[in-house]
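Hi everyone, thanks for coming. Let's take a look at this one together, and I'll talk you through a few spots.

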Amino acid sequence: MNSLAGHSRVLYMAILLVAVGFASGCYDEDDEFFVGTAVTPAKSASIGDAPVVAEHMSQAAIEAGDVSLDALIAHGRALFIAMFNTLDGAGRPETTGTGLPRPRRESPENFNRISADDANSCAGCHNLPQVGAGGDNVANVFVLGQRFPFLNFDGGPGDNGDPSLTLKSAANERNTLGMFGSGYVELLAREMSLELQAIRASAIAQAAAAGQSVSLDLVTKGVSFGTIFAGPDGSVDTSEVEGVDADLVIKPFHQKGVVVSVREFSNNAFNHHHGMQSAERFGAGTDADNDGVRDELTVGDITAATAFQATLPVPGVVLPLDPEALAAVVNGSELFDAIGCASCHLRTLKLEDPVFTDPNSLNPPGNLRPEDVSNPLEIDLTLETPQPRLTREVDGSVLVPLFSDLKRHDMGEELDNEVVVQAGVPTGKWITRKLWGFANEPPYLHHGRALLISEAILAHGGEAELARQEFEELSSSNQADLIEFLKTLQLLQPGTTSRIVFANGSGVIGDEPQIPVHLDHFEIAQGTVPIEEAIEHGKRLFKANSNQLDGALRPETTGTGLPRERREGVEAFNRISAPDANSCAGCHNVPRTGGGGDNVANVFVLGQRFPFVNFDGGEGDNFEEHTLKEVANERNTLGMFGSGYIELLAREMTMDLHAIRSQAEVEAIATEAPVTKSLDTKGVNFGEITAIPIVPSTSIGFVQFDTSAVEGVNADLIIRPFHQKGVVVSLREFTNNALNHHHGLQSVERFGFESDDDADGVFDEISEGDVTAVALYQATLAVPGKVLPATAEGRAAAQRGEQLFGQIGCASCHIKELRLNDPIFTEPNPFNPSGNLHPDNFKGDGIVAVDLTEKALEPRLPREEDGSVLVPAFTDLKRHDMGPVLDTEVLVQGGVPTKEWLTRKLWGIANEPPFLHHGRALLISEAIESHGGEAQPARNAYLSLNEADRANIVEFLKTLQILPEGTTDLVVQAPE
């Protein structure tokens, strides 16, 4: 294969393989997608809080042909990414996810990660590598948990009075699948269902005509679903029907194959996950959940959401340019067939008619049906959808390279891990997962516990046992080749027109680590590795879906580094005690990578001290009985935009406070009397400190400090600007913590060189240079800015709101600007605690320095004439008592009282909902009204304003946004 002729032969073979069974494509993720953007002036002319869905779609208008397909799909996408709020009807205070009544639940009990509502946006789960795709393990769904009013594992009313519930017995945890190509999936299932039903009808007719029982094989599109028996009296025996329900309706959605259509999927998900009730499911003009909002989603809205998902592009194939890798793909493709994988993962299914119609005639009750409409929606998926598309054959049909037979199969003991039976489908049976697009939608398998393709294959059993054995018996090189073939099945970058794409590969055949290269901190400091390259490396690490070859997971340690009994396979992840995520971007993705997170990505802080939380009082729970609320503090994920400036401000303020302490010490020694100093820095007061000389005085001069009057900071006077409690010093410390806690990746500076602390077989999982790179990436993220309303009225309202924000006292804590004397971000931070790289670990030549006003992503903050920078972060970086409404937690973190919270920075807040530490506030006004304690006077002043002025303050806060990547101006105006 080293010759040009050999290369050409392999290339020809690869293209031929594509022609007979591959889709094509690649996806090199960029950050162009604004996910879940909150209501902005560009979306609504409303002053103040407003629903995200400013206008609903009329089904009558759709049927009359008054809505273009582009407009319909655009509305559907807007619904898919919308971060629904209270004015939209989000939440279901008096109903469960099954629609049954429950005792009223309001903030902070308006969300529940297991029994739901559990998410603000469809895109909160469906976002990797782009909107509409699958999800990180952190976004896993707890299927059937929605039948409970409010799970807490205390045996109370929220648990339906069941004291025996455990995490495993309450619900089935499933990974989120992508929706790309779902229009074709639904059409294939329809045609197959109708053909199966036609066979049943034929059997009944033949039996009646013959006067005796008749059996017919249920075969459609080359897939056998067993045999059906019909008696002469019209009776039907379905006992030998396989892989489909007795009604012979193939339900291609959900991993159990229990949902008929995209429309049914949408109706279910909107209510279950977001608490948004559709009119067609709950009745027009009704307020089924008693939240004060009727017709939360119209019939036309569901049609639009269906159209968006049904017209998502088809996945494809990325073929490597390297001849050796290309040869591996060809060999792997042949092996895929030879060992029997393709007997279930059929390369193609023939679709006779690619015109997607909605509603589906097989929809169950509670979903729109054809008889309900005068003019069904029709979309030719080969002509009217975004690129790339499938093409028609000469006879008008389409070969859909789905790699599935849309049939349920017994997958064996290892994949029979669930307790709760869904829709009557045995726990060991699963619909054959479609493989198009799956390679860049890890994690794999129904539960997301397989991080490597080989792991997913080796977990197969039951009907797939022979194919699994054949794979095991392959040589290691042939196994790698088969995996290399599967790695080509990817999503396409938006706008790609060809379904066949060639690209440079990684150079690794088979399973590969997502972090193939590690950086050396000193090479970054010395310039051997340019700063730009280090930042890009940090970005790759931040987005990487790390796997076992990287050292992901921590089988024998907890998130605190303590030993635990080994946890592997289905117990490799745990949503509460962690590891709970594959990627930093799995949580930090609203409105794009580096931002905050949907409620679905909430973190269970301090849950990592447990080996494996299951609420059964066993070893995984440290033999303790506890409830969901007691085991951890559930917190919403904050955005990292502008965080380099935040860390630098905290450093300078810390140095000021330490200087004041030192001056008090000097004066106390000199005067031999107590000296009290006010702790003031950058206009923020942190109370007082008193230096008391030790008596009798000595020439050395010792003092002790009385820190009882210190406020809003620890007694060590180190301002910790990260975590909502203000307990983490630096981006570096944050990174070291998170990589181990959430992903199970141990850094050498935290766990030591040549150490395999968690006994996963991987040493030195994250280098010092890697941590430096991730810290630099976060530090150089763009700063948020302002988006002014499009209308003069809106701009006037925002201006008035900004004035009122200061007048009523909000700005006393949410200080508009703090002056940063020096915007040079250095690594490591001199205040880093032990377990993190520190300047004392080396001499001055180990310091990495980056000027944020020059090297950060745009938009950037400018320097003033004196070289300083005014940072409009809207925070004082001080902890405050926030009153009883926000005193929601049980566990104390870092010694900080449960009622105290670090003043949240407000820049960028408008499009990073949900709000407050727990994410339970969906409206800005809800967040304001929850303030208490030290903020009580400002809250009272806000409530005393007239309605218009309260709306003006909200309108001002709505302008504080994260701007699209590459925007150079800090202040922009929304388009008309």
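**Helix 6 and its surroundings**

So, in helix 6, the buried residues are V262, R263, E264, F265, S266, N267, A269, F270, N271, H272, H273 and H274. Buried here means under 20% relative accessible area, with a 1.4 Å probe and protein chains only. Helices are DSSP runs of H or I with at least four residues, strands are E runs of at least two, and both are numbered from the N terminus.

Quick background: this is a predicted model, where local features need pLDDT of at least 70, side-chain atom pairs count only at pLDDT 80 or more, and totals for chains, interfaces and linings use all residues. Residues are numbered from 1 along each chain as its sequence is written, and side-chain values use heavy atoms, leaving out hydrogens and water.

Back to helix 6, residues 262–274: 12 of its 13 residues are buried. What covers them? The cover includes helix 3 (69–81), strand 1 (141–143), helix 5, helix 7 (279–282), helix 8 (299–310) and strand 8 (355–358). Right after helix 6 comes G275, with a positive phi near 75 degrees.

Next, the sheet. It's open, with 3 strands in the order 3-4-5, paired antiparallel; pairing takes at least two DSSP bridges between two strands. Strand 3 (214–220) and strand 5 (236–237) are at the edges with a single partner strand each, so one side of each has no neighbour in the sheet. Strand 3 and strand 4 (residues 223–230) are joined by 6 bridges. In one of the pairings, V219 has S224 in strand 4 as its bridge partner.

Definitions and conventions: Buried < 20%, exposed > 50% of the residue type's maximum accessible area, 1.4 Å probe, protein only. Contact = heavy atoms within 4.5 Å.
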